[in-house]
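Here's a walk through how the pieces of this assembly fit together. Take a look at the sequence and the structure first, then read on.

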4 protein chains.
Amino acid sequence: MVTWNKHVPSREELFESKRLALLTEAVSAFNERGFHATSMSELGRRLGVTKSALYYYFPSKQAILKAAFDHVIGIAFDSLDRARNSDQCGIDKLELALRGYMEGALGEFSRCIILTEEHALIEEERTVIVESRDAFEAALRELVQEGIADGSIIPCDPKLAIFSIFGAINWVPKWYRMDGEWTSAQLASAVSELICRSIRAYPPERFINQNWLGVR
Amino acid sequence: MVTWNKHVPSREELFESKRLALLTEAVSAFNERGFHATSMSELGRRLGVTKSALYYYFPSKQAILKAAFDHVIGIAFDSLDRARNSDQCGIDKLELALRGYMEGALGEFSRCIILTEEHALIEEERTVIVESRDAFEAALRELVQEGIADGSIIPCDPKLAIFSIFGAINWVPKWYRMDGEWTSAQLASAVSELICRSIRAYPPERFINQNWLGVR
Amino acid sequence: MVTWNKHVPSREELFESKRLALLTEAVSAFNERGFHATSMSELGRRLGVTKSALYYYFPSKQAILKAAFDHVIGIAFDSLDRARNSDQCGIDKLELALRGYMEGALGEFSRCIILTEEHALIEEERTVIVESRDAFEAALRELVQEGIADGSIIPCDPKLAIFSIFGAINWVPKWYRMDGEWTSAQLASAVSELICRSIRAYPPERFINQNWLGVR
Amino acid sequence: MVTWNKHVPSREELFESKRLALLTEAVSAFNERGFHATSMSELGRRLGVTKSALYYYFPSKQAILKAAFDHVIGIAFDSLDRARNSDQCGIDKLELALRGYMEGALGEFSRCIILTEEHALIEEERTVIVESRDAFEAALRELVQEGIADGSIIPCDPKLAIFSIFGAINWVPKWYRMDGEWTSAQLASAVSELICRSIRAYPPERFINQNWLGVR
DNA sequence: AATGAATGAGGGTTCATTCAT
DNA sequence: TATGAATGAACCCTCATTCAT
C-alpha cells in the first residue's frame, strides 16, 4: 500500500487491505488443504477473527473462491498480453507468458495457483471461469503453433504440450514454501525454462536460470 | 473377468469384483471432484446402491482412499523396479519409470493418479503413504543424478526437475478421458517422452511417440 | 436338558435349547452394556453365528428383550407364590420372596435381572411388563404391611422400603460375576438377609447367611 | 438466578446458566432412558433448540456425560469429606456420607445419580471416572470397617454391604420425581437411615426421618 | 466492524431388519 | 438352518450461513 505524505489509510483502504489479506490467506489454505476441507472457522482462526466477521468482506465462501479465480485469471491474461506484445519467437513468448503467470501468482498472494479446485465452483460461476481458463490455454496453444511455424518449437501436439506444462505449473503451489530457499521469481524463471525446454527446438545444454541453484 | 467354460463367478469373485468396481469409481470421483467433495451417497448413486451398501466393502471412506493410494504406490514401485533393472542410461530409465507408472495408473483403474489428495488421509496413514511417495520421488531424483553423471541428462537441480515432472504427470487425470481419442498407453508414452525432453541431453528434433497424433 | 435312555434331541429340543442360549447370552450382554449399546452383530459374534441367524429364533431385538422380561417376571411370581404360601411372619415371607427371585434370576440365566431397561421396550409391550412389575412390587409392599401388622417389621413407608430393596437387588447384576467367589445361591441369601434387616423388627446381631464369607 | 439491584445477567452468566440447564436436562434424560437411547435431537427438543445448538455448549455427547459424572463425583467426595471430619461413630459417618451424596445429587440437578452408565464412556475417560468411583466405594467400605471396629456396625462383609447400599441409592433416580410428595432432602434422610439400618448395631425400633411420611 | 448464538442441510457411520440363496 | 448382501432410518457431528446486538 502506497503511503504518501503522512497518509492515513481511509476506511475504504482499510477495508480493501483486509479483504485482500483474507483472500490471500484463503487461497493459501485452499492450496494446502483443498477448498472443501477448509472451513470458515479455520480461516477466521488464521486471521484472528470470528468466522462471522469474514462475511463482512465476502458474501459467501464460494465468493472467496471466485475472487481468487478472478484474480489469478487476471494475472494470467496480463502476463499473456505482455508476452504476445513482445518481439520474440514462439517459444520465448510462451516462456515469458508462463514465467509472468507464475511470478504473479506465486508472489502476490502467498501461494496461489488454485485453478485446481474449479470443480468446487457452483455451476454458474464455473462456466465463466472455465471459459476464461480455456481461453488462456487456447492462447498458449496458439503460441505453441506460432513456435512450430517459426521453427522455435519442434513439431508436437499443442494440446498435449500445454496440458503437460499446465500440470507442472499448477503443481508448484503443492510444494513451494515461501520461506524456503527459493524466491518466487527465481522459481518462476527456473520452472518455465525447464518446462519449455521439453518442446524447444535447439535447446541449449545449460540452464541459464538455475545458477542460483549452484548448478554449474 | 475371465470366463472359461461356462465359468460361474464364485461369491468371493463377485465380492472382489464389486469391491474393485467401487474402488475404481471412487478414485475416478476423487479425481474429478476431490475427496472431501465426494460424498458416500454420491458414490452409492453412481454405483446404483445405497451408501450403506458401500460399508460392506470398505469400513470407511478413509479406507477407500487408503486402498487407492496403496494400489497406485504399488504400481509406481513396480514400474520403478523394472526401469532400474533395465540396461539403459539415466534419462531412459527415468522415462521408462514414468511411462510404466502412468500406463499402470491410467489403465487399470479408469483414471487414477490421485497422489494429490494426501492431505485427506488421517495422520497415521498419511505418514506411511507420504513416506512411500517420498521414497518414490527420491528414487526418481536418483535416476536424474545418474543421468547427469552418465551425460544423458543436462546439469539441473533434481528436486526441481522431479517436482515439475510429477506435476505434469499428476495433472493428467484432470484432463484425460478414457473414451477420448488416446489410449492410456499412447498417452503414457507421449507424455513421458515430452516431459523427459526437458532435461534430456542431445534431445532429438522429433518426438517418436506422437505419430499417432498426426504430428509429422 | 434331560437326556434319558439314549435320548437323541429332537429338532424342537435343539431349537429350544439354542433359543435359550441366545436369550441367556442376550440378557448377559444387556446387563453389561445396556440394551441399546448391544448390537445384533455383537450377539451373533458371541454365539458364533451371523446376526441374520438370530432372526430364526426371535423376530426382533425387541422380542428378545420382551422374552427376557417375561422370563424374569415368571421367576418373580413363582418365588412370590412360594413365599406367600409359606407359614411365616411378614418379614420372613419377604426375605423368602426376594431370595427366591434373586436365586432364580441370577442362576438360571447367567446374570439376568434386567428390569432396569424397561424404557427400551416399545410402548405396547412396556405397558404389560410394567403392570406386571408393579403388581410384583405391590405384592411385596403388601408383605411389608403384613409384617408391620404382625410386628415382624418396624413401622415404615412400604413404598420407600420396597424401592430401596428393589434398587439393591437390581444392582446385583452390575457387579456379580458368576466366576467369582460367590455362588448365586449364596449371594441371594446374603443379600436378601442383609437388605431385609433394614426393616426387620428385633434384628439379630449376627448375619447367619454370611458364614461362607469368613465373617465371624 | 439471583437478581440484585437491577442485575442484568452478563453474556457469560447466560452461557453458563444455559450450559447448566442442558447438563441437567441431559442427566435427567440419561436417567430415564439411558445414554444411548437419548439422542441429541431429543435433548434439543426438550430444551427448545436444534440439536446443533447443543454443540455450542458441549463439544460432544460424550462430553456431556463426562461433565455429569465429574459433577456427581465432586458431590460424592465433598459429602464424604464432611462425614469423615465429623465426630461420630462409623455407622453415623456412613449415613452422613450417603445422605449428603443423595441430597446433593438429587437436589442440584433435578435427578442425577447416573453412575449407572459408566460403560457408555469412552475408554480413556472411563478409566478416570471408574477410578474415582472405586475410590468412593473404597472409602465407604472403610467407614464400614471403622463401624465394625467401634461396634456401631455388626460384623459383615463390607463389599457386600456397600454394593447393596449403592444399589439402593443409584436406583433412586429411577423412581424419584421432583414434583412428587417428597423433597430431595427428606428422601435423602429417609433412604440413608433405612438403608444403614441393615448393618447398624442396636438399631432403634422407630425411624426418626420418616415422620413426614405419616408413619407413626 | 465484529461477535455470540442459533439454524438447517448434509456427511459419515451404525444398525436392525429383510430376502434370496 | 444359516449366510451374504442390501436397505433405510437414525445418529452424532460439522459447517456455511444468518441475525440481533
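How are H4(B) and H5(B) oriented to each other: roughly parallel or roughly antiparallel? We'll get there in a moment, but keep in mind that this is a predicted model.

## A helix pair in chain B

Two packed helices are described by the angle between their axes and the distance between the axes. Here the pair is helix H4 (residues 61–85) and helix H5 (residues 90–107), both of chain B, which pack at an angle of about 150° with axes 8 Å apart. Angles over 145 degrees count as roughly antiparallel, and H4(B) and H5(B) are therefore roughly antiparallel to each other. The crossing of H4(B) past H5(B) is right-handed.

So who's touching whom? On the H4(B) side you'll find Val72(B), Ile75(B), Ala76(B), Ser79(B), Leu80(B), Arg82(B), Ala83(B) and Arg84(B). They meet Lys93(B), Leu96(B), Ala97(B), Gly100(B), Tyr101(B), Gly104(B) and Ala105(B) of H5(B). Sorted by class, that contact comes to 9 nonpolar, 3 polar and 3 charged residues.

## Chains A and B

Zooming out, chain A puts 37 residues in contact with 37 residues of chain B. On the chain A side, helix H1 (11–33), helix H7 (158–175) and helix H8 (184–196) each chip in at least two residues. H7(A) gives the most, with 11 residues. The class split for this side of chain A is 22 nonpolar, 8 polar and 7 charged.

How do the two copies relate? A turn of 178° and a shift of 0.0 Å along the axis lays chain A on chain B with an RMSD of 0.4 Å. That is the relation of a two-fold axis. Both copies use the same surface, too: 100% of the contact residues of chain A recur in chain B.

## Chains C and D

Now for the other contact, which takes 37 residues from chain D and 36 residues from chain C. In chain D, the side touching chain C draws at least two residues from each of helix H1 (11–33), helix H7 (158–175) and helix H8 (184–196). The largest share, 11 residues, is from H7(D). By class, this side of chain D has 22 nonpolar, 8 polar and 7 charged residues.

To superpose chain D on chain C, rotate by 178° and shift by 0.1 Å along the axis, for an RMSD of 0.3 Å. In chain D, the C-alpha nearest that axis belongs to Ser198(D), at 1.8 Å from it. Of the interface residues of chain D, 97% are also interface residues in chain C, so the copies meet through the same surface.

## Pairs that don't touch

What about the remaining gaps? Chain A and chain C share no contact, and their closest C-alpha atoms lie 32 Å apart. Chain B and chain D don't touch either, with their nearest C-alpha atoms 19 Å apart.

## Around the DNA

DNA strand F is surrounded by 33 residues, with Ser52(B), Thr50(C), Ser52(C), Ala53(C) and Ser60(D) the closest. Helix H1 (residues 11–33) of chain B supplies the largest share of the surface near DNA strand F, at 3 residues. That surface divides into 13 nonpolar, 14 polar and 6 charged residues.

Over at DNA strand E, 34 residues surround the strand, and the closest are Ser52(A), Ala53(A), Ser60(B), Ser60(C) and Ser52(D). The class count near DNA strand E is 14 nonpolar, 14 polar and 6 charged.

Definitions and conventions
Residues are numbered from 1 along each chain as its sequence is written. Chains are lettered from A and ligands numbered from 1 in the order in which they are written. This is a predicted model: local features need pLDDT of at least 70, side-chain atom pairs count only at pLDDT 80 or more; totals for chains, interfaces and linings use all residues. A residue is near a molecule or strand if its C-beta atom, placed from the backbone, lies within 6 Å of it. Helices (H or I, at least four residues) and strands (E, at least two) are DSSP runs, numbered from the N terminus. Ala, Val, Leu, Ile, Met, Phe, Trp, Tyr, Cys and Pro count as nonpolar, Asp, Glu, Lys and Arg as charged, and the others, Gly among them, as polar. Two residues are in contact if their C-beta atoms, placed from the backbone, lie within 7 Å. Copies are superposed by least squares on the C-alpha atoms of residues with pLDDT of at least 70 in both. Axes are lines fitted to C-alpha atoms, for helices over the stretch in contact, and angles run from 0 to 180 degrees between N-to-C directions. Angles under 35 degrees count as roughly parallel, over 145 as roughly antiparallel, 65 to 115 as roughly perpendicular and the rest as oblique. A crossing is left-handed if the near helix is turned anticlockwise from the far one by less than a right angle, and right-handed if clockwise.
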